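This briefing concerns aromatic rings: how they pair, and where charged side chains meet them. Please keep the structure open while reading the points below.

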Amino acid sequence: MIGSSAFQLRNALLDRYAGAMADLGDNLVYGICESIDGEKDPQCLLLVFHLVESLAQLYPSSSGPLANFAEDLFEILGCYFPIHFTHPKGEDDDVKREELARALMLAFASTPLFEPFSIPLLLEKLSSSLPSAKVESFKYLSYCTAKYGPERIAKHAEALWASLKDTIYLSPQSALSMEPESMGRMNFQESDVMTQAFVLLQEVIRQYGDFISLIIGDNDINAFLISLNQYKGFDDIPLQVKQKLHAIGHILSACAKASAAMCNKVFESFFPLLMDGLGLSVSQPAQNNSYLDEECFSLAKFKFGPLYLCIELIAACKNLTVSLYNCTSIHDFPHQRWCSMLSSFSESLVKAFVSMLRSNVADNEQSAYVYCGALKALVEIGFSIDKCLDSEKAASFESTVVEKIVSLISSLDSAIPLSLRLQAAFEIGATRKDFMLRVVRGLDEAIDTNFSAVFDHGNHKSDELTIKLLDTYSQKVLPWFLEIGGSEEVQLNFALSIWDKIGNFKSLNLSLPEFASDLLGATMIAMKKAVGSCSEESQEIIITKASGVLFSSTVFGSMGFKSGSSILKEEGLQQTQNYGSPSGRDEWLTSLFASVVVALRPQTGIPNGKMILQLFITSLLNGHVPSAHALGSLVNKLPLETKGIESSRTLSLNEALDMIFYSFVGTCRDDSTSGNDGSGVNISSLRLNTSRIQSEINTVIGLAWIGKGLLMRGHEKVKDITMTLLSFLTLDCEAGVSKQFQNLVEVLDEEGVHQLMKCAGDAFHIIMSDSGECLNRMYHATVRPLYKQRFFSTIMPILLSLVVKSESSFLRSMLYRAFAHVVADTPLTAILGEAKKLFPILLECLSTLSKDVSNKGIIYSVLLVISGILLDKNGREAAVENASSIVNQLIELTAYPHMMVVRETAIQCLVAVSELPHARVYPLRTKVLRAISKALDDPKRIVRQEAVRCRQAWASIASRSLHF
């Protein structure tokens with residue numbers, strides 16, 4: 001054995017002076033064999049394996065020097081397979097087992113001269129009892145097969161098939177998945193051995209076309225296919241047979257999608273047998289079978305085994321069609337044997353699959369498998385038709401399949417759950433744009449029908465149906481059209497049709513409030529997504545339509561001001577604050593209009609903007625949260641000034657802020673908006689209804705969303721709103737209050753004040769968090785880079801100063817609540833720069849908040865911040881000085897009873913702390929191990945697992961035995 005420097009030198013010589021080294025011939029190869037024999041050092045082995053690759057490139061000839069020593073050289077290499085190497089702890093060696101395994105695999109495959117020795121060795125290792133050895137063997141065989149070429153692989157074809165058959169078919173290592181997403185599909189969780197065996201099968205089939213003859217001629221497989229006819233339904237098939245059925249489906253699919261020639265052979269050999277199993281005649285496929293008459297359809301007539309394999313073959317044909325689409329003339333497909341055979345059965349198969357979807361086949365597990373299988377087959381057929389560009393077949397598919405599936409959406413007597421019907425309609429529609437447009441028309445008709453049932457008759461069953469229809473629109477249909485691009489007609493028509501429906505209903509007959517709220521929420525989400533995906537021109541059409549419906553309603557009259565007024569007078573404001581909950585229709589109109597405003601592009605104008613703004617302000621003060629979202633979106637997107645346009649019908653940001661500050665404060669944006677100390681809005685002038693705590697809470701929520709919109713665009717007025725929220729936050733009966741709040745405190749009891757302070761603390765979460773409801777890029781928000789970092793650097797000194805000055809325990813907890821929200825939503829890069837200063841505050845924050853169970857979510861967020869700091873190199877440096885305090889606080893949280901993820905994350909943080917300098921953590925090891933021993937008995941398994949990992953990490957700090 002020689003050192004790594006010598007191997008590096010030889011590699012360098014072979015790489016740079018290949019010509020000169022080649023002249024050494026047998027002497028070079030022999031010398032290398034002698035030098036590498038018995039080498040065990042991992043770093044040297046990496047160089048050895050690369051050296052073998054270089055030799056293979058230097059002497060590729062089958063009669064050269066390498067050929068003379070190929071057996072001897074491979075005998076040395078073969079001793080290292082499979083790689084069994086554990087990276088030693090504590091040593092500064094970066095070589096991992098995976099690196100060595102890959103380097104050895106490259107050496108095995110470096111020359112075809114190794115084939116007579118490597119393939120038998122790898123096949124022999126497949127008999128190992130170690131799963132890892134089998135996995136490595138299949139990996140190496142797959143890679144070597146691709147490198148050695150078909151002629152050399154042909155010599156081992158029978159041995160390869162025998163090994164593959166044993167692993168995949170005779171002794172399958174797979175389990176039927178019970179995961180929720182697997183219901184209705186025969187999904188198996190395959191072992192790593194089976195997964196790698198399937199990879200090898202695909203590679204061998206791709207490399208050596210005649211390999212399929214071994215599969216087709218296999219007696220066991222043919223006998224198995226015939227035996228499937230004895231099982232009528234899914235539940236009749238034993239688990240072992242299901243495993244084999246899954247394996248056969250995988251094998252036939254791999255063969256069929258490899259090439260057109262192989263697909264022809266698979267269909268010629270197996271397709272007639274499968275059709276017989278389904279009861280479809282080979283000689284007269286479109287006649288003499290009852291499936292053409294849906295009324296005569298019975299699920300019992302189908303045998304599950306042949307049906308499953310048929311579906312797998314259809315899916316393989318689709319994959320083959322897609323793969324050959326760019327390299328084969330579309331006119332060549334009908335001449336392929338597989339295509340003609342499939343076409344001859346297409347009519348009866350399609351009608352049979354449609355019959356399954358239209359029948360009551362979703363009431364048990366067996367039926368669910370058949371239902372989803374039929375859907376999968378129809379989807380594959382639809383995709384194939386789309387790729388083939390056959391207009392005649394597309395028209396036939398639409399009339400035979402699409403129309404009948406769409407009719408299920410509105411069917412009242414169908415026993416199939418609506419969710420399955422909608423899934424079928426969407427997946428089949430997604431195969432072709434024309435089909436999806438037909439699905440959209442069906443959805444529109446169903447939504448219209450159910451809206452009428454809801455609004456006219458108060459039918460709560462229609463509420464549920466309409467919610468599901470709208471969810472399909474917003475979660476599937478609209479994103480699908482957005483992804484494919486092109487016309488936005490669907491989005492535009494959907495938004496306009498909703499406004500038409502709402503405009504035509506003069507009153508809403510909503511029987512159950514909980515369903516009405518969910519229905520409104522679903523409609524708002526769909527409206528926002530539709531408007532958000534439209535262009536500026538289409539949005540102008542929608543906002544004009546929505547404004548027309550809104551202004552023709554009673555909304556403005558019921559809110560306490562008349563159409564045509566631009567700014568609400570003071571007495572009008574008092575009137576609106578005494579106004580109760582709006583009517584159902586008014587709430588719908590205001591909420592839907594807010595959804596439109598939220599999703600508008602900044603360039604889209606809003607007719608009668610001042611009246612709309614006042615509507616949202618008034619609705620907000622009455623507790624209407626969507627109006628707060630709309631106000632935040634408006635101040636985020638409005639232009640600073642409007643020029644050359646009629647000012648009474650347009651709105652600028654400065655005008656909007658004047659109206660907002662006037663409504664809330666009684667002053668304009670530039671008139672004494674600072675408090676007496678110049679720190680913020682003068683709270684003494686806030687127009688608050690002190691008789692209702694909810695009024696103040698609504699004000700705080702509205703200010704939070706308005707502040708968020710201003711912050712994201714980088715407007716200076718966010719400072720005034722922030723200081724106002726801080727004034728609410730520091731409103732504490734125990735600590736004594738400023739004169740600005742004396743009147744408010746005298747009216748509200750202590751509980752009311754505390755509730756208002758808590759709301760003010762949570763307002764900072766609204767300001768800093770990413771919202772999915774508004775003010776995001778999907779809805780075209782104006783986002784200034786690094787806005788969160790700037791707010792963090794601005795507000796943090798103020799919050800910390802208030803914490804230091806606070807004397808009230810409740811006030812301190814509320815300040816820490818706001819602090820936690822800001823820190824949790826600030827990008828970690830900004831936190832790391834201040835980590836040394838923040839660590840003591842973060843720990844004190846955890847200690848304070850953990851006293852109240854309602855803070856458990858906030859505690860988890862703060863722990864995630866600490867975890868991020870501890871996992872960063874610079875963050876660990878900041879944590880060193882606070883190691884003892886960190887450990888003490890984390891130990892307390894390992895037993896936190898109210899939230900499992902808090903315990904889990906605290907333990908993970910302790911693992912990270914163990915990576916701090918030895919001198920800092922060594923004195924703490926006994927304390928940590930004692931605490932972790934209790935976590936080993938945690939009722940949650942995931943916590944126990946983390947506790948084991950933590951105990952190992954801390955126990956490894958000291959080499960001596962620890963008694964605790």
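Ring pairs join F74, F81, F108, F114, F117 and Y140 into a cluster. The model is a predicted one, and a search across the whole of this structure finds 21 aromatic pairs.

**The pair of W161 and F211**
- W161 and F211 form an edge-to-face aromatic pair, with 6.1 Å from centre to centre and 85 degrees between the planes of the rings.
- This pair links distant parts of the chain, given that W161 belongs to helix α11 (residues 157-170) while F211 belongs to helix α13 (residues 211-216), and the two are 50 residues apart.
- As for their surroundings, W161 and F211 are both buried.

**The pair of F267 and W338**
- The ring centres of F267 and W338 lie 6.4 Å apart and their planes meet at 50 degrees, so this pair counts as tilted, since the edge-to-face class requires planes over 60 degrees apart and the stacked class requires planes under 30 degrees apart.
- Distant parts of the chain are linked here too, with F267 in helix α16 (residues 260-277) and W338 in helix α18 (residues 337-358), 71 residues apart.
- F267 is buried, and W338 is likewise buried.

**Charged ends over rings**
- The charged end of R432 sits over the ring of F435, at 5.8 Å from the centre of that ring.
- The ring of F661 has the charged end of K717 sitting over it, 5.9 Å from the ring centre.

Terms used
Residues numbered from 1 in each chain as written. Predicted model: local features only at pLDDT ≥ 70, side-chain atom pairs only at ≥ 80, totals over all residues. Heavy atoms only, no water. Phe/Tyr/Trp six-rings, centres within 6.5 Å; stacked < 30°, edge-to-face > 60°. Helix = DSSP H or I, 4+ residues; strand = E, 2+ residues; numbered from the N terminus. Buried < 20%, exposed > 50% of the residue type's maximum accessible area, 1.4 Å probe, protein only. Lys NZ or Arg CZ within 6 Å of the ring centre and 35° of its normal.
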